[in-house]
Amino acid sequence: MIKGSLDRLHFGDLLQWFHMGNVSGRLTLRGSRGERRLDFSNGKVCFVSSTVPEERLASWIAARSDIESTDLSRVLARSMLRRELFTDLLLAEDGWDADRLRRSLTDLAEAATGRVLSSPRIDFSFDPEFPVLDVLGLRLDVAPSQLLLEAARRSDERDRVQLPDDDHELPLGGEAFESLFWDLV
């Protein structure tokens, strides 16, 4: 287990170290808004996940209007009830193809990397024993340098045009989720 803070080590250097060393495991990044996880397989990012509301995969997909929110809500609820991977159900039951899901996950990984780079305080831990490939149904194959270059590009664009940072959470608050849950049960 490796632990530290990105105020002492640059995030880009850490990613490049993982890439150059063909490292496998889970990198967990903790900041004030939540936790982001980058899973590595042989030095490349193979999956990304986040507890930051707008970076959760379902919220990310919903914000891009890639799927109807009712369909997405149904897949999420099934995932929770069946204790199956959301990505597997999205591919199997909603007709998404693997390339479309990979593009969404890669876009999410690039955005999360950019947000980590601009965060004032991030602590990290790396678990080389995490069974990354055992829990994934879909795998990315993204070099850390791609994430860093895309993060820099997004940062340049964001500096030129200030866009509002809207939250894109699913419309599953309170009663709506409760109703959906009992309908599915």
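Modeller: The term pLDDT denotes the predictor's confidence in each residue, on a scale from 0 to 100. The structure is a predicted model, in which local features need pLDDT of at least 70 and side-chain atom pairs count only at pLDDT 80 or more, while totals for chains, interfaces and linings use all residues. Residues are numbered from 1 along each chain as its sequence is written, and side-chain values use heavy atoms, with hydrogens and water left out.

Biologist: What is the mean pLDDT of the chain?

Modeller: In the chain, 79% of the residues reach a pLDDT of 70 or more. The mean pLDDT of the chain is 78.

Biologist: In which element is confidence lowest, and in which is it highest?

Modeller: Helices (H or I, at least four residues) and strands (E, at least two) are DSSP runs, numbered from the N terminus. Over residues 161-168 the pLDDT is below 50. Where pLDDT is low, the predicted coordinates should not be read in detail. Among the elements, the lowest mean is 60, in helix α8 (residues 174-184), and the highest is 92, in β2.

Biologist: How many helices and how many strands are there in the chain?

Modeller: Along the sequence, the pattern reads β-α-β-β-β-α-α-α-α-β-α-α-α. The totals are eight helices and five strands.

Biologist: What is the order of the strands in the open sheet?

Modeller: Two strands pair if DSSP finds at least two bridges between them. The pairing in this sheet is antiparallel, and β1 (2-5) and β4 are the edge strands, each pairing on one side only. The twist from one strand to the next averages 15°. The five strands stand in the order β1-β5-β2-β3-β4.

Biologist: Which residue of β4 is the bridge partner of Leu 38?

Modeller: β3 is joined to β2 by six bridges, and β3 pairs with β4 over six bridges as well. Towards β2, Leu 38 in β3 is the bridge partner of Leu 27. Towards β4, the bridge partner of Leu 38 is Val 48.

Biologist: Which residue in the turn between β3 and β4 has a positive phi?

Modeller: Most residues other than glycine have a negative phi. The hairpin of β3 and β4 has two residues between its strands, and Ser 41 stands opposite Lys 44 in β4. The residue in the turn with a positive phi, of about 50°, is Asn 42.

Biologist: At about what angle does α1 run to β2?

Modeller: Axes are lines fitted to C-alpha atoms, for helices over the stretch in contact (heavy atoms within 4.5 Å), and angles run from 0 to 180 degrees between N-to-C directions. Helix α1 lies across β1, β2, β3, β4 and β5 (123-127). The angle of α1 to β2 is about 175°.

Biologist: How many residues of β3 are buried?

Modeller: Buried means under 20% relative accessible area, exposed over 50%, and partly exposed in between (1.4 Å probe, protein chains only). Of the 185 residues of the chain, 42% count as buried. In β3, which is mostly covered and has seven residues, the buried number is six.

Biologist: Which helix gives the most to the largest nonpolar core?

Modeller: A nonpolar core is a set of buried Ala, Val, Leu, Ile, Met, Phe, Trp, Tyr and Cys residues joined through side-chain atoms within 4.5 Å. The largest has 38 residues, of which Leu 27, Leu 29, Leu 38, Ile 61 and Phe 86 touch the most other members. With six residues, the helix that gives the most to this core is α5 (residues 98-118).
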